[in-house]
Amino acid sequence: MSDLFQENNHRHLHGDSTKMASYESVLIGEKVSLVHADPPYCILTRRRKKGDLRDPKKVKNENEAVTRFENIKVYREFLNQWMPLAVNSLLPNGTICIWTNFLGKEPIKALASSLGLNYWNEYQWAKLTKESDGNEKMARIYEVALIFVNGEIPELSLDDLPECWSVVSHYEEEGSATKWENHPNHKPIKVIEPLIRRFTKIGDRVLDPFAGSGSCPEACIKLNRSVSCIEILDKWAKITQERIRFSIENHSL
């Protein structure tokens, strides 16, 4: 597998999103309208009282893609490694969406403010449970993305799309999780698509510094946006490059 994959103006790098060289490789001097970032969440290392490691709680398909941080300080250091680089890639008035859990909200907001970003809102994914015998479905807030603007928060005009700050879907909405190896932090295209539609136009470039199994790249290609993405783990980098090829063949206009 080549470290840098390019096809139809889409670029994917098997590389490290905490390194400036990675951004230079996938952007080639371009700035982006949207950074869609789904980085490791602020999940802390679990230890017993004496300090030895506890077995992590079992999660679906737990593997090397699940990252644990020793403490909040280490998590903040991680944010400081990649966020300034991603923010530097934004166009004036561009948008950055950062997926996180409860513990990650405050560190992300604090760093974003220090980088000159304005906090806009929180985009919420309500995950549907499986149907019961009575055909009843329940939804709960599953994950959130914090939305920041590299400039002033825009006001809607009469011609703009409506603002969308929540979406309801199953984890396996369109069968893409199973098809692409069940990444532990999988996002359905249905969850990502409203963000791309709202914060970009046809032909714009989107940066995804943590591509995972490639849901964001597929959504961008489907919506006729260009995508630059980075993934550090070999397994998922290979899968995302395969998914980009598939998306170009099946979704490109």
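Which residue of β9 is the bridge partner of His14? To find out, open the predicted model and select strand β2, residues 10–14, together with strand β9, residues 226–231. The two strands pair in the parallel sense, over 4 bridges. Within this pairing, His14 has Glu231 as its bridge partner in β9.

**The sheet**

Next, extend the selection to the whole sheet. It is an open sheet of 9 strands with mixed pairing, and its order is β1-β2-β9-β8-β3-β4-β6-β5-β7. At its edges stand β1 (4–7) and β7 (166–169), each of which pairs on one side only. From one strand to the next, the twist averages 15 degrees. As general background, strands of a sheet pair through backbone hydrogen bonds, in either a parallel or an antiparallel sense.

Return to the edge formed by β1 and select this strand with β2. These two run antiparallel and are joined by 4 bridges. One place to look is Gln6, whose bridge partner in β2 is Arg11. The two strands form a hairpin with 2 residues between them. Select Asn8 in the turn: its phi is positive, at about 50 degrees.

**Helices on the sheet**

Now add helix α1, residues 20–27. This helix lies across β1, β2, β3 (32–37), β8 (205–208) and β9, and runs at about 155 degrees to β2. Helix α7, residues 234–251, also packs on the sheet, where it touches β1, β2 and β9. The direction of α7 makes about 165 degrees with that of β2.

**From α7 to α6 and α5**

Keep α7 displayed and add helix α6, residues 215–222. The axes of α6 and α7 are 9 Å apart, and the helices pack at an angle of about 20 degrees. That angle makes α6 roughly parallel to α7. The crossing in which α6 passes α7 is right-handed. To display the contact, select Ser215, Pro217, Glu218, Ile221 and Lys222 on α6, then Thr240, Arg243, Ile244, Phe246, Ser247, Ile248 and His251 on α7. Coloured by class, this contact shows 5 nonpolar, 4 polar and 3 charged residues.

On the other selection involving α6, add helix α5, residues 189–199. The axes of α5 and α6 come within 9 Å and cross at roughly 55 degrees. α5 is therefore oblique to α6. Their crossing is right-handed. The contact residues on α5 are Ile189, Ile192, Glu193 and Ile196, and those on α6 are Ser215, Cys216, Glu218, Ala219, Cys220 and Lys222. By class, the contact of α5 with α6 comprises 6 nonpolar, 1 polar and 3 charged residues.

**An aromatic pair**

Across the whole structure, a search finds 12 aromatic pairs. For one of them, select Trp180 and Phe246: the ring centres are 5.8 Å apart and the planes stand at 65 degrees, so the pair is edge-to-face. Trp180 is in the loop between α4 (176–179) and α5, whereas Phe246 is in helix α7. The pair thus links distant parts of the chain, 66 residues apart. Phe246 has already appeared on this tour, among the α7 residues in contact with α6.

**Helices α2 and α3**

Move next to helix α2, residues 72–87, and helix α3, residues 105–114. Two packed helices are described by the angle between their axes and the distance between the axes. Here the angle is about 40 degrees and the axes are 10 Å apart. The two helices are therefore oblique to each other. α2 passes α3 in a right-handed crossing. On α2, select Ile72, Tyr75, Arg76, Leu79, Asn80 and Met83; on α3, select Glu106, Pro107, Ile108, Ala110, Leu111 and Ala112. The residues of this contact divide into 9 nonpolar, 1 polar and 2 charged.

**A last stop: Asn101**

Finally, select Asn101, in the loop between β4 (90–100) and α3. Which residues does Asn101 contact, leaving aside its neighbours within four places in sequence? They are Tyr41, Cys42 and Ile43. Draw a distance from Asn101 to Ile43: C-alpha to C-alpha, the two are 8.3 Å apart in space, although 58 residues apart in sequence.

Note on methods:
Residues numbered from 1 in each chain as written. Predicted model: local features only at pLDDT ≥ 70, side-chain atom pairs only at ≥ 80, totals over all residues. Heavy atoms only, no water. Axes fitted to C-alpha atoms, helices over the stretch in contact; angles between N-to-C directions. Parallel < 35°, antiparallel > 145°, perpendicular 65-115°, else oblique. Left-handed = near helix turned anticlockwise from the far one by under 90°. Contact = heavy atoms within 4.5 Å. Nonpolar A, V, L, I, M, F, W, Y, C, P; charged D, E, K, R; others polar. Pairing = 2+ DSSP bridges. Phe/Tyr/Trp six-rings, centres within 6.5 Å; stacked < 30°, edge-to-face > 60°.
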